[in-house]
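I opened my notebook to practise reading a structure step by step. Here is what I had in front of me.

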Amino acid sequence: MTDDVEAAPSAPAAARHLAPGDVGLVAPRDFGHAAPFTFRGGQVLPGFSLRYETYGELNAARDNAIVICHALSGDHHCAGWHSPSDRKPGWWNNLIGPGKAVDTRRFFVVCANVLGGCQGSTGPSSPDAATGRPYGAAFPPVTIPDMVRAQRLLLDHLGVAVVHAVIGGSMGGMLALQFAIEYPRLVRRVLAMATTGRESAQAIAFNEVGRQAIMQDPAWNRGDYALGEGPRVGLAIARMMAHITYLSDASMDRKFGRRKRRAAETEASAFDVQFEVEGYLRHQGQSFINRFDANTYLYITRALDQFDLEEAAGSLEVAFAPVEAETLIVGFTSDWLFPPEQNRALALALLRAGKRASYAELATDLGHDSFLLESEELYALVRGFLDRPATPAP
Amino acid sequence: MEKRTVDMQIIGDWVEPGTRVLDLGCGPGDLLAYLMQTKGVAAVGVDLEFSRIAACVRRGVSAYQGDMTTLMRAFPERHFDRVICSRTVQELAEPKAVILEALRVGRALTVGFVNHGFWKNRVAMLLGGRKVRNEVYTTAWFESRPANPVTIADFEDFCAAHGIRVAHRVHLAGNWRDPCTLLPNLLAGYALYDLTRA
């Protein structure tokens, strides 16, 4: 997902975290799981930790938790501000907060960086206790179900008895669906947006180009590099390319068109930045390498590619058979990475399996990242889905 | 509103408790919410508009935004105990395809429609020479969706020609409340059919 779908807040920088409807200053915490954790592939880690944030309070019945699942390049910081001088709030700040669609006055919101991630949770950049060096390519192949099982342990640690809803877009939507399949008694509602039950060849192809950019960078060194080093060029190129797949022709045209940088800013070579869109992508690539680990990029894109609900169960209906949650799938017309068709297929399979499921489609031109959209229509849909008291399955 | 209530009751009478019901053109989910409440059905609606799906979601009615025929094609035969097509049939692009598909995915099909053959419509057309406008036909020709006004006689012919069995039929007078048994194509304002495959 991109970093900049949200419009810049208009309040003065120093006071933005105090805005009404904002969760304000937040701090991440770490959950350490000290027991061995076995991955789907059979490999075992002696333990792991997840970095997470929570907003709102867990109620006495311990049934008001909402789990937010982030996308490939996202993290646990989905709302509020880490410091008053932050340039931007958490990535879903427009959706989450007191009085917002995900109302933190009512719900206890939990968001964790996924297992295999690089924003504080255990992943390939974490030190391997056996060697003292980062795991690198020795990290166990991580899957979406592994990420979900790790987050379940966090929820147990937090004392959550019932999850009111799991919400996610893109990869987060995969996690949300997996939550409902894996833990049917735990999860009351699933809201999955701009997602898929399995990636198309095109989506796998884009991930593969990203991986090749990383692995062909000599600094990748088969995954063996020191913290803060590694295939920075390859990772930046992977990000630039992936970033295009999160947008749309129309939204890029509106944002950049063919606008050019002023001559004074362009340099001598014919291949320096000339168009605004080039400068934008280079900036995206550069800022990404300062916050993201290349090995995590390889591991998580692989987890995305391998996620296949249909293959795992024989059919989508069989995959969804255990689900007890009410499900809402939301597709976006301009999303060409996980297009409406793939989102519809999820809702139809849930309905065929006799589940309570709805499908809504928003007409937007922002591409895959539309799920981060500031849209009153989307907020009203989400609010309506979350507000009603849970009804038992018929 | 009152007219709506009467046909909801009749439609409800034909629904077995606890069954699976699909509503084609479900709108904000009024009928399905009513059937969930009174009959405990497992309800699914389909509609084209985002705002109507959002209204369904808000009241706990499962709803799918999209084309009804595409939706039905995604289901196996007889997946639903009953499909309902209430006041939608005259606005469909391909009514025949929808009705036959509904009889494939549903064990039974309820169709409810305004009888265009009702005498007031005939008189209005004959004397006025214009598109009928009244409390049922509220829009001018240029502001309404394409419509195939259908009469009871047309519909009966259609069922006979396509081997569709009429299990029940209810014709309501112009007030949409009292039963109409005499010359329904002329005197009935509203018609409800309970159909199955022959």
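Below are my entries, in the order I made them.

**Entry 1: before anything else**
I reminded myself that this is a predicted model.

**Entry 2: chain B as a whole**
I began with chain B and found eight helices and seven strands. Its C-alpha trace spans about 45 × 35 × 30 Å along the principal axes. I then asked what radius of gyration a compact globule of 198 residues would have. The rule gives a value near 16 Å, and chain B has 16 Å, so the two agree. I noted that 42% of the 198 residues of chain B count as buried. I also looked at contacts in chain B between residues at least 6 apart in sequence: 63% of these join residues at least 24 apart.

**Entry 3: one helix of chain B**
Which residues of helix 2 (residues 30-39) of chain B are buried? I found Leu31(B), Leu32(B), Leu35(B) and Met36(B). Looking down the axis of helix 2 of chain B, I saw these buried residues fall within an arc of 135°, so they line one face of the helix. My reminder to myself: an α-helix has 3.6 residues a turn, so residues three or four places apart point the same way. Right after helix 2 of chain B comes Gly40(B), with a positive phi near 60°.

**Entry 4: one helix of chain A**
Next I checked the length of helix 7 (residues 294-306) of chain A. At 1.5 Å a residue, its 13 residues should span 18 Å, and its end C-alpha atoms are indeed 18 Å apart. Is helix 7 of chain A mostly covered or mostly uncovered? It is mostly covered, with ten of its 13 residues buried. Among them are Tyr297(A), Leu298(A), Tyr299(A) and Ile300(A). I looked for what covers the buried residues of this helix, and the list includes helix 1 (144-158), helix 2 (171-182), helix 3 (201-215) and helix 4 (232-246) of chain A.

**Entry 5: the largest nonpolar core**
This core has 168 residues, and I wanted those that touch the most other members: they are Val102(A), Val109(A), Val166(A), Ala176(A), Val190(A) and Leu191(A). Helix 2 of chain A gives the largest share of the core, eight residues. I picked Val190(A) for a closer look. Leaving out residues up to four places away in sequence, its contacts include Val166(A), Ala176(A), Phe179(A) and Ala325(A).

**Entry 6: where the chains meet**
How many residues of chain A are in contact with chain B? I found 22, and they meet 17 residues of chain B. Helix 10 (340-352), strand 12 (357-362) and helix 11 (376-387) of chain A each supply at least two residues to the side that touches chain B. Strand 12 of chain A gives the most, with six residues. By class, this side of chain A has twelve nonpolar, four polar and six charged residues.

**Entry 7: two positive phi values**
Most residues other than glycine have a negative phi, and I looked for exceptions. Ser170(A) has a positive phi near 60°, and it sits in the loop between strand 9 (163-169) and helix 2 of chain A. Ser170(A) counts as buried because it has 28 C-beta neighbours inside 10 Å, where the cut-off is 20 or more. Arg78(B) has a positive phi near 55°; its place is the loop between helix 4 (68-73) and strand 4 (80-86) of chain B. With 14 C-beta neighbours inside 10 Å, Arg78(B) counts as partly exposed.

Terms used: Residues numbered from 1 in each chain as written. Chains lettered and ligands numbered in written order. Predicted model: local features only at pLDDT ≥ 70, side-chain atom pairs only at ≥ 80, totals over all residues. Helix = DSSP H or I, 4+ residues; strand = E, 2+ residues; numbered from the N terminus. Expected span 1.5 Å × (residues − 1). Buried ≥ 20, exposed ≤ 12 C-beta atoms within 10 Å, placed from the backbone. Contact = placed C-beta atoms within 7 Å. Arc of directions from axis to C-beta. Core = buried A, V, L, I, M, F, W, Y, C linked by C-beta atoms within 7 Å. Nonpolar A, V, L, I, M, F, W, Y, C, P; charged D, E, K, R; others polar. Rg over C-alpha atoms; globule rule 2.2 N^0.38 Å.
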